[in-house]
Amino acid sequence: MTWLAASYLPTAMFSLKDSQATSAAGKSLLVPSPYAVKTALIDVAVNWQGVAFAQTVFKWLGSLQVRSSPPQWACVTNAFIKVQRPPKNAEPGNPFKPTVAFREYIQFEGELRVAFEVSSLAKTERQTLANLLMRLNMLGKRGGFMQWCGQANLDVLDAAFVTHTGDDRQTLSGAVMHYLDDYGSKMTWEKLSTFDTAKPDRMVVSALVPYRMVRSSKRSTLYQRTG
């Protein structure tokens, strides 16, 4: 296998709810899911060269394997925030009602790496992917900014990368179980588009994130990478 791995330095708080979480209480994933990474790159493609170009990228990007390597440290902060939600019986002129929701925000220290398995791609497609990764500057919720630091080709992924179901297992001194979503086999451009009513096709895989909990309190939890 050949992997194209890009490195990023998080410059803001990161947060990404599990796709199966409710709107009122959403714990954050400790790494960006393959679905989130691919969708972010599609957004980059649209803003870079337009919708037609992004549709071409979507055709080969959707089936690629994605693995991520979290930063060395992650501090998860628990927070209750005020949000606006449409009530069951909306009043005329008042479509939203204020309420409280639970959210988690993560402060990273160290580099985040995102790797794509590119053995099936042509040379021009690999170059396009490299250009998209270089232009990627945000992952997770809006405002989760990242600074691109560089990229490299890898023959194998080390123990610092997330292990998905079916991968060769690495020996870890600790790991956190996550359920990460990815594009399903029936995902289409129309289902991905926010201008269409069709629901996206997602597949969920279990994954081991190489983190161990160092300490925890009612306000925050500190993790250290084990790989």
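The legends below describe an overall view and three close-up views of a predicted model.

**Figure 1. Overall view of the predicted chain.** The fold comprises four helices and 12 strands. The radius of gyration is 18 Å, close to the 17 Å given by the globule rule for 227 residues, so the chain is as compact as a globular protein of that length. Along its principal axes, the C-alpha trace extends over about 55 × 45 × 30 Å. Buried residues account for 42% of the 227 residues of the chain. Of the contacts between residues at least 6 apart in sequence, 74% join residues at least 24 apart. The exposed area of the chain is about 12500 Å², and carbon and sulfur atoms supply 52% of this area.

**Figure 2. Serine 28 in the loop between strand S2 and helix H1.** The loop shown here connects strand S2 (25-26) to helix H1 (34-49), and serine 28 lies within it. Serine 28 has a relative accessibility of 7%; because this value is under 20%, the residue counts as buried. The side chain of serine 28 reaches the backbone nitrogen of leucine 16 at a distance of 3.0 Å. When neighbours within four places in sequence are left aside, serine 28 is in contact with Phe14, Ser15, Leu16, Glu104 and Ile106. Leucine 16 thus appears in this view both as a contact of serine 28 and as the residue whose backbone nitrogen is reached by the serine 28 side chain.

**Figure 3. Glutamate 125 in helix H3.** Helix H3 covers residues 123-135 and includes glutamate 125. With a relative accessibility of 25%, glutamate 125 counts as partly exposed, because this value falls between the limits of 20% for buried and 50% for exposed residues. The side chain of glutamate 125 reaches the backbone nitrogen of alanine 122 at 3.0 Å. The view also includes valine 57, which is 68 residues away from glutamate 125 along the chain. The C-alpha atoms of valine 57 and glutamate 125 are separated by 8.2 Å.

**Figure 4. A nonpolar surface patch that includes Tyr179.** Met177, Tyr179 and Val204 make up this patch, which has an area of about 290 Å². Tyrosine 179 belongs to strand S9, formed by residues 176-183. The relative accessible area of tyrosine 179 is 46%; the residue is therefore classed as partly exposed, since exposed residues have over 50%.

How values were computed: Residues are numbered from 1 along each chain as its sequence is written. This is a predicted model: local features need pLDDT of at least 70, side-chain atom pairs count only at pLDDT 80 or more; totals for chains, interfaces and linings use all residues. Side-chain values use heavy atoms; hydrogens and water are left out. Patches are made of residues with over 30% relative accessible area and no salt bridge: like charges are joined within 9 Å, nonpolar side chains (Val, Leu, Ile, Met, Phe, Trp, Tyr) within 5 Å. Accessible areas come from the Shrake-Rupley method with a 1.4 Å probe; for residues, only the protein chains shown count as cover. A salt bridge is a side-chain nitrogen of Lys or Arg within 4 Å of a carboxyl oxygen of Asp or Glu. Helices (H or I, at least four residues) and strands (E, at least two) are DSSP runs, numbered from the N terminus. Buried means under 20% relative accessible area, exposed over 50%, partly exposed in between (1.4 Å probe, protein chains only). A polar contact is a pair of N or O atoms within 3.5 Å; within protein, one must be able to donate a hydrogen and the other to accept it, and residues adjacent in sequence count only if both atoms are side-chain atoms. The radius of gyration is taken over C-alpha atoms; the globule rule is 2.2 Å times the number of residues to the power 0.38. Contact means heavy atoms within 4.5 Å.
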